[in-house]
Structure formats: structure tokens, C-alpha cells
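Student: I should like to learn how an interface between two chains is read from a model. Could we go through one together?

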Number of protein chains: 2
Amino acid sequence: MAKDMTLLWGSGSPPCWRVMIALEEKNLQGYNQKQLSFEKGEHKSKEVMDINPRGQVPAFKCGDKIINESCGACFFLESQYKSQGNKLIPDCPKEQAVMFQRVFEVNTLGDKMANVIYYNWRVPEGERHDSAIKRNKEVLVAELKMWEGYLQKASGGFLAGKNFSLADVIIFPTFAYLYRFGLCEERYPKLTEYYKSLMNRPSIKATWPPTWKETPGQDLLKDL
Amino acid sequence: MAKDMTLLWGSGSPPCWRVMIALEEKNLQGYNQKQLSFEKGEHKSKEVMDINPRGQVPAFKCGDKIINESCGACFFLESQYKSQGNKLIPDCPKEQAVMFQRVFEVNTLGDKMANVIYYNWRVPEGERHDSAIKRNKEVLVAELKMWEGYLQKASGGFLAGKNFSLADVIIFPTFAYLYRFGLCEERYPKLTEYYKSLMNRPSIKATWPPTWKETPGQDLLKDL
């Protein structure tokens, strides 16, 4: 089915996960894939660099075409396999508009999340400030409230309305990551409801990060 | 033609500019529009907040649909007006793959650019470090070399190949911004060639930032 595709990925990485969900949704199973270890630095290996010169996963090849940007890969798969598997771009212009809006908002959410979770990794020791850590957390809380509000107003159970779409494919892994790092379920009830309603969707269940099944999560975000 | 559309924008903002280019390319002239002043803080006005709760421009309405994310708006316009004006998503799978890859790489480029140009605006006074300024510049230079390399390998004159596409709509304004802030033309010959070859394209010329015509650029990036 998808024998001409190759995916190098790391467990738990939202960008990797969204490509895997998209592949499942489009019934593109059986692709060549290899799970790499971030701890061992395998995402900087020659194998990855040959496909993705940024030294990041996913590194994704579709025949002779390379699309390492995870959102780009999802859009490309939907475009090339329109009539296969689940349709991921809604026909309804209103839903489609919300979908495009949400998809491109994920960078903002992801970046604000990373500024909190990966502060020490992003900022060298001599440049760290408690004031920045505090501000980054406040910024993330404001962002999460924005998404909680989106879901309060959304009707239909999915981010763009009544149809599962690329917005869900692309954003669900970021939400899951937040919970994995201890986001309080009670404080964001709509986000939590959305998260729980999707976690058993076949494409998501089939691609759940293997390392998350084996090890407990962290509580870094519990106070947010 | 586009009487049911409203665009609130600021001169020189790459996100605003790309929506304006997309509207031109799709022959969607005559939309309601209002140029706002960043200096006067008009992007935080109620008028903007009513459409875009993030208090950012563009604030874009298409009938009763709101899409403030500039790349999302470009994709939406292409999707809704497929057969009108210029086709912005290539049919050729290879070109399409490159287009999707480049479109989603623009965030990385834009963010690295903003970390240099807007360092003092992004980082409060007590948290600034010369080491961070130096590193941000190095990171931007490496990113620019990456794009110079893309254009070296690209054949056909456009970012995704021989057809002008959403990749050009979305990324051209960011390149133009770099030159406006003093990027050295000689040091990035392919980037410069690309920039110059597109600056007279009708959609780009018609939407050139009005404030750029009136005032000189800056030389902040001249050493990069």
C-alpha cells in the first residue's frame, strides 16, 4: 500500500505523531518506518540528515519526494490520496475556514508549550531568568485558555466542527503532549473532554507513542 | 468581486502582505480594507480584536468566516476560488511536495528573523544577553544559507519549481522584509536573484508596502 514511503520518527514527538495519524487515516499502512531514540541523538544521524538536513524528525519520504515538515506532509497525503481512507479537508466552507485557521495556529501553541517544557534546553545556563520562566508560563496559560474557548464554542466534537479533519490530526498530538507533561484535567474541562474523546480513535490508538505506554508522564505543567 | 471580504492590515507586515498577494493572484480585488498603524497600536484596537482576539493583523473576514492566520487565509482562498485567477497549488506531485514543505518552513525562517530584528522588543531589558544576540544572528545566517541552497537547487525560477505557487505567495514577503532590513544582496546571490525577479510581478507590485515607498530601509542585517 505505502511501500514506497519511509518515515523516521521518535516516540512522543507531536510532529512525528501527526504524520503517523494522517497515514492511518488515509489507510496508508505498511510504510517503511524506523523508531529513533532522541536520548541517543539518533535524530542527528546520517540516516536522518540524508532526508532531513535540519536533523529533525519526522524525516519523511514519499517515493522520491521529501516532505519533512509534518503539517506539510499531512496536507500532501490528503491531496495525493483524496479519495482513499477518511476525507480530512471538510467540504463545508465554514468548517474548512476554521480548519485552516486552527492548523496554522498550532505553531503558536507548540512554541509556547516548548518555551515552558524545554526552557533549560532552549536557553543556555547563563541566560536563564526566573522572570522569563514565569512569563512563559503565563503566556502558555493564556494560550490554553484561548483553545479551551475554541472548544467551548465548537459544536460537533471536532476542532473544525462535526468532521474529523486535518486540524485534529495536527493538533491532537500537541494536546496529548500537554497532558503527558501534567496539564491539569480539571482546569481545562473542554480540552480534556476533547482529548479523551479522541484518544481511542483507531488512528490515534494505533499510533500512540510506545514509550508513553511503558513509562509514567511528568508533572511539569501541573500548576498551569 | 470580493465585496464580502474585509482585511485589516499593516504596511510591511509579511503576514498581511501574503494575504494581499493571494487576493490579487485570485483576482479578488475590491475587498474592504483598512491600513492600520503599528506605531499607534491600532492592531490592538477593538476593530481588530473583534475579528482577531490575538490582537494581530491581518484580521481577515471572508463573508461570515474568519481566518486570521495568514497562511491559512491563502490556502482557504485557493481552495474556494480554485478556478479563478492563477492556480496556486501545482498539479505535479513533485512540485506540490516542495510547495507544502516550503510553506511550513516559513515559520522557522520568520521566527529566526524576528529573533534578530525584534530582539529588544521580544526580550525585556533585564534579560538581554550579548551571547543571545550573537547566537540569534548565527542561527539566522545558517537558516538563510539553507534557503540560498534551496534556490540553488530549484529550477524554474520559483520556490517549488516552474510554477508560481503558494510557497512564493507566503515566503516572498519574508525575503523582502530581510532586504528591507539591510540583508546584503551580494552575500546571498540566489536569494537576491529570486527577490528581484519577483518584485515586479503584478500581484506583488500592486501590494508593495506603501510605507516602504516613502521611507528608507534599515541596515540592521547588513553584516549577516
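Student: How many residue pairs are in polar contact across the interface of chain B and chain A?

Tutor: In this predicted model, 21 residue pairs, both at pLDDT 80 or more, are in polar contact across the interface of chain B and chain A. The rule also finds 8 salt bridges there. One of them joins A:K94 to B:D64, with the closest N and O atoms 3.2 Å apart.

Student: Which elements give two or more residues to the side of chain B that touches chain A?

Tutor: They are strand 4 (65-66), helix 3 (70-80), helix 4 (93-117) and helix 6 (130-153) of chain B. Helix 4 gives the most, with 12 residues. By character, the residues on this side of chain B comprise 15 nonpolar, 11 polar and 10 charged.

Student: What area do chain B and chain A bury between them?

Tutor: The two chains bury about 3100 Å², with 55% of it on carbon and sulfur atoms. In chain B, the residues losing the most area to chain A are B:R54, B:F104 and B:E127, which together account for 22% of what that side buries. The contact draws 36 residues from each of chain B and chain A.

Student: By what turn and shift can chain B be laid on chain A?

Tutor: Two copies of a chain are related by a rotation about an axis and a shift along it. Here, a turn of 180° and a shift of 0.0 Å along the axis lay chain B on chain A with an RMSD of 0.0 Å. That is the relation of a two-fold axis. The same surface serves both copies, as 100% of the contact residues of chain B recur in chain A.

Methods
Residues numbered from 1 in each chain as written. Chains lettered and ligands numbered in written order. Predicted model: local features only at pLDDT ≥ 70, side-chain atom pairs only at ≥ 80, totals over all residues. Heavy atoms only, no water. Least-squares fit on C-alpha atoms with pLDDT ≥ 70 in both. Contact = heavy atoms within 4.5 Å. Buried area = accessible area lost by both parts, 1.4 Å probe. Salt bridge = Lys/Arg side-chain N within 4 Å of Asp/Glu carboxyl O. Polar contact = N/O pair within 3.5 Å; in protein donor to acceptor, adjacent residues only side chain to side chain. Helix = DSSP H or I, 4+ residues; strand = E, 2+ residues; numbered from the N terminus. Nonpolar A, V, L, I, M, F, W, Y, C, P; charged D, E, K, R; others polar.
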